[in-house]
Amino acid sequence: MAVFDYHGLLAHVGHSFECIVYGDEQNVALACNDCHEVIIDFNRPDFSNASSDRAAIDTLFKELSDGSDRDDR
């Protein structure tokens with residue numbers, strides 16, 4: 001169970017915490033050592049499409065910088 005609000009986190013005041021990596025670094029979590037409860041966790045982002053995303057961003061910036069979207073009035 002993760003903590004989602006003020007009261008959930010308040011219950012852990014004064015406790016000991018640890019940041020833990022699970023699997024093949026697929027997930028990282030902040031866990032309460034006293035309650036053995038995951039406070040919050042995140043899965044590793046999938047960067048398999050990063051190069052195609054980067055190319056799309058580069059194209060957009062090139063178009064913006066050369067003025068192709070400007071309204072010359």
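Where is the place of Val-21? Val-21 sits in strand 1. Keep in mind from the start that this is a predicted model.

**The overall layout**

The protein chain is built from two helices and three strands. Reading from the N terminus, the elements come in the order α-β-β-β-α. The chain has 73 residues, and 14% of them are buried. Its accessible surface adds up to about 6,100 Å², with 57% of that belonging to carbon and sulfur atoms. As for contacts between residues at least 6 apart in sequence, 15% of them link residues at least 24 apart.

**A nonpolar patch on the strands**

Back to Val-21, which counts as partly exposed because its relative accessibility is 48%. Val-21 belongs to a nonpolar surface patch of about 500 Å², together with Phe-17, Val-28, Leu-30, Ile-40 and Phe-42. Which strands feed this patch? Strand 1 (17–22), strand 2 and strand 3 do, each supplying at least two residues.

**Asn-27, a polar residue under cover**

Val-21 also turns up among the residues that touch Asn-27. Asn-27 is in strand 2, which covers residues 27–32. Is Asn-27 buried or exposed? With a relative accessible area of 11%, Asn-27 is buried, because the cut-off for that label is under 20%.

What does its side chain do there? The side chain of Asn-27 reaches the backbone oxygen of Phe-42 at 3.3 Å, and a polar contact of 2.8 Å joins it to the side chain of Asn-43. Phe-42 is one of the patch residues, too. Setting aside its neighbours within four places in sequence, Asn-27 is in contact with Ile-20, Val-21 and Tyr-22, and also with Asp-41, Phe-42 and Asn-43.

**Loops and their residues**

Some loop residues are worth a look, and here they are side by side.

| Residue | Loop | Relative accessible area |
|---|---|---|
| Glu-25 | between strand 1 and strand 2 | 53%, exposed |
| His-36 | between strand 2 and strand 3 | 71%, exposed |
| Asp-46 | between strand 3 (37–43) and helix 2 (50–65) | 62%, exposed |

What is the sign of phi in Glu-25? Phi of Glu-25 is positive, near 55 degrees, and the residue is not a glycine. His-36 also has a positive phi, near 55 degrees, again in a residue other than glycine. Why is that worth pointing out? Most residues other than glycine have a negative phi.

Asp-46 brings in a bit of chain geometry. How far is Asp-46 from Gln-26 in space? The C-alpha to C-alpha distance is 9.7 Å, although 20 residues separate the two in sequence.

**The cysteines**

How many disulfides does the structure hold? The count is zero. Cys-32 is in no disulfide, and the nearest cysteine sulfur, that of Cys-35, is 3.9 Å away. A disulfide needs the two sulfur atoms within 2.5 Å, so this pair does not qualify.

Cys-19 and Cys-32 have opposite labels for accessibility. Cys-19 counts as exposed because its relative accessibility is 58%, while Cys-32 is buried, with a relative accessible area of 1%.

**Pulling it together**

In this predicted model, the three strands share a nonpolar surface patch. Asn-27 is buried, with its side chain in a polar contact with that of Asn-43. Glu-25, His-36 and Asp-46 are exposed, and Glu-25 and His-36 have positive phi values.

Note on methods: Residues are numbered from 1 along each chain as its sequence is written. This is a predicted model: local features need pLDDT of at least 70, side-chain atom pairs count only at pLDDT 80 or more; totals for chains, interfaces and linings use all residues. Side-chain values use heavy atoms; hydrogens and water are left out. Buried means under 20% relative accessible area, exposed over 50%, partly exposed in between (1.4 Å probe, protein chains only). Helices (H or I, at least four residues) and strands (E, at least two) are DSSP runs, numbered from the N terminus. A polar contact is a pair of N or O atoms within 3.5 Å; within protein, one must be able to donate a hydrogen and the other to accept it, and residues adjacent in sequence count only if both atoms are side-chain atoms. Contact means heavy atoms within 4.5 Å. Patches are made of residues with over 30% relative accessible area and no salt bridge: like charges are joined within 9 Å, nonpolar side chains (Val, Leu, Ile, Met, Phe, Trp, Tyr) within 5 Å. Accessible areas come from the Shrake-Rupley method with a 1.4 Å probe; for residues, only the protein chains shown count as cover. A salt bridge is a side-chain nitrogen of Lys or Arg within 4 Å of a carboxyl oxygen of Asp or Glu.
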